[in-house]
Amino acid sequence: MKEQFHIMVVEDEKLAGRAICDNLTREGYQCVLFRNGEEALSYFQNNPIDLALLDYRLPGMNGEELYRGIRKLNPMIPAIFMTAYSSVEKAVRLLKMGAFTYLTKPIEMDELLHDIGKALEGVILRKENRRLKEDLKDKFSFENYIFHSPRMEQVINLVLRAADSSANILLTGESGTGKEVIANIIHFHSPRRENKLVKANLAALPETLVEAELFGAVKGAYTGSVANRAGKFEEAHKGTIFLDEIGELPADIQVKLLRTLQEREITRLGSNTPTKTDIRLITATNKDLQTLVKEGRFREDLFFRLNVIDIHLPPLRERREDIKLLVDLFIKKYSSKENKAVTGISKQALDMLVKYDYPGNIRELENIIERAVVLAREETLTKNDLPLFMGNEPEPEISHPALDSSLPLPERMQIIEKEIIRRTLEKHHNNQSRAAAELGISESGLRYKIQTLHLKK
Ligand SMILES: Nc1ncnc2c1ncn2[C@@H]1O[C@H](COP(=O)(O)OP(=O)(O)OP(=O)(O)O)[C@@H](O)[C@H]1O
Ligand SMILES: [Mg+2]
């Protein structure tokens, strides 16, 4: 752990600097030592440093000037100062500038190590945060997003253009077409990506709680509200809020949402003081909002506010070109998740998947492949791994008396023999010599069979 931290020591007294660096190296840190500020600063420009340990008095630029130079390049670097004689005034100035702490010489090694550990905690947190954010960006990059069909390519072009703006976006499309994924893509490709994406599913919230959930509430505003709480809108300040199933929004809250969008401020439930909000709103619905507007169940003025940019996700059956790529993607995803060696799919099974209509769209296709991978016994998925409701009828059982397993084998053979002879005689209009020739037996042999098998009409 410690070896990933690079500490820069700037100390003009050669022996003292050497001793500190040796100690730090022994502790497991990476240490670089400089004897003046100019060299240290030029090194800092091109190399990763996590913490600076600075002598205050240096030849040339002093420690304070050096720190100012460092902060211009990277304002987040923690610095610890070492001074020969301290004055309160100097200490306050350094701390105000952002220094982590200062120590008076002679330096106590234990104290120094303790302070370094503390200062690096912040660095660890920031590194962790940065990694999380990168992960998120990866997650919503296009690597695992399929948009091969011309219709989806158009959708993505629109999504990327819309992401740059702050305009409200309404996502429409059947269940499972990928509305939530698109909301993620919009946020993580927008100028707001460093801030939060907050989600609320209005179909999953009881009507009585929707208002407090979205707008927050002050203590005592409703039964059971025991403390002040921020709503999703406040949480999403400077970021994006995604309201799923917007068609479910109760009428009185439609009014409040409209006002929020017009005034750009929100008022907690039970409060009279509005606060400013800066949010980007994305809504989604699998209902036809225009119909709800006509039926008087959704406010028309709110509809227009939400619908500044309308992005419609076509159902999977209208972009069958994407099916094969989605199948490949999901096979990879689930064979690695389930630790299976499934690598492909038979042509017959794929044809079946391409023809199917998917009322549940991509989510349904994903479930079908997940199930198939779990069930698969071979490297290649076959139609036997697909669910029956896809028109995947099992092969019809051939029923024939000769297949009756309750009969002994000779009897079953006789049934077949009799059938073959019957058909051959029929074909040759009961001409026994021609039938015998076709069967490769003698005429007398055939007559004997006809008798023993009771083939006389
Ligand atoms: N183009 C795509 N490529 C790969 N996977 C996708 C794509 N679109 C959607 N998916 C996947 O399909 C599933 C359903 O997507 P999502 O939850 O976004 O649908 P939805 O439209 O919000 O559905 P609902 O209306 O039911 O909430 C998710 O697992 C998602 O990762
Ligand atoms: Mg959804």
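This talk walks through one predicted model, taking its ligand site, three helix pairs and two backbone details in turn.

Let me begin with the ligand, since that is where a newcomer may wish to look. Ligand 1 is surrounded by 18 residues, and the closest of them are I146, S175, G176, K179 and R363. If you turn to the individual polar contacts, you will find that a nitrogen atom of the ligand sits 2.9 Å from a polar backbone atom of I146, while an oxygen atom of the ligand is 3.4 Å from a polar backbone atom of T177. With K179 the partner is a side chain, for a polar side-chain atom of that residue lies 2.7 Å from an oxygen atom of ligand 1.

K179 leads us on to the helices, because helix α7 covers residues 179-188. Its partner here is helix α6, residues 150-164, and the two pack with their axes 8 Å apart at an angle of about 40 degrees. How, then, are α6 and α7 oriented to each other? They are oblique, since an angle of about 40 degrees falls outside the range under 35 degrees that would count as roughly parallel and also outside the 65 to 115 that would count as roughly perpendicular. The crossing of α6 past α7 is right-handed. On the α6 side the residues that meet the other helix are I156, V159 and A163, and on the α7 side they are I182, I185 and I186. By class, this contact holds six nonpolar residues, with no polar and no charged ones.

The second pair is helix α8, residues 207-215, with helix α10, residues 251-263, and here the axes come within 11 Å and cross at roughly 15 degrees. That angle makes α8 roughly parallel to α10, and the crossing is left-handed. From α8, the residues E207, V210, E211 and F215 meet I253, K256, L257 and T260 of α10. Which classes of residue make up this contact of α8 with α10? There are four nonpolar residues, one polar and three charged.

The third pair lies further along the chain, with helix α16 at residues 409-427 and helix α18 at residues 443-452, whose axes come within 11 Å and cross at roughly 120 degrees. That makes α16 oblique to α18, and their crossing is left-handed. The contact is built from E417, I421 and L425 on α16, together with L446, K449 and I450 on α18. These residues divide into four nonpolar, no polar and two charged.

Finally, I would like to point out two places in the backbone, both of them in loops. Where is the cis peptide bond that I have in mind? It runs from K105 to P106, with omega near 0 degrees, and P106 is found in the loop between strand β5, residues 101-104, and helix α5, residues 109-139. The other place is K238, which has a positive phi of about 75 degrees although it is not a glycine. K238 lies in the loop that connects α9, residues 232-235, with β8, residues 240-244.

Terms used:
Residues numbered from 1 in each chain as written. Chains lettered and ligands numbered in written order. Predicted model: local features only at pLDDT ≥ 70, side-chain atom pairs only at ≥ 80, totals over all residues. Heavy atoms only, no water. Axes fitted to C-alpha atoms, helices over the stretch in contact; angles between N-to-C directions. Helix = DSSP H or I, 4+ residues; strand = E, 2+ residues; numbered from the N terminus. Parallel < 35°, antiparallel > 145°, perpendicular 65-115°, else oblique. Left-handed = near helix turned anticlockwise from the far one by under 90°. Contact = heavy atoms within 4.5 Å. Nonpolar A, V, L, I, M, F, W, Y, C, P; charged D, E, K, R; others polar. Near = heavy atom within 4 Å. Polar contact = N/O pair within 3.5 Å; in protein donor to acceptor, adjacent residues only side chain to side chain.
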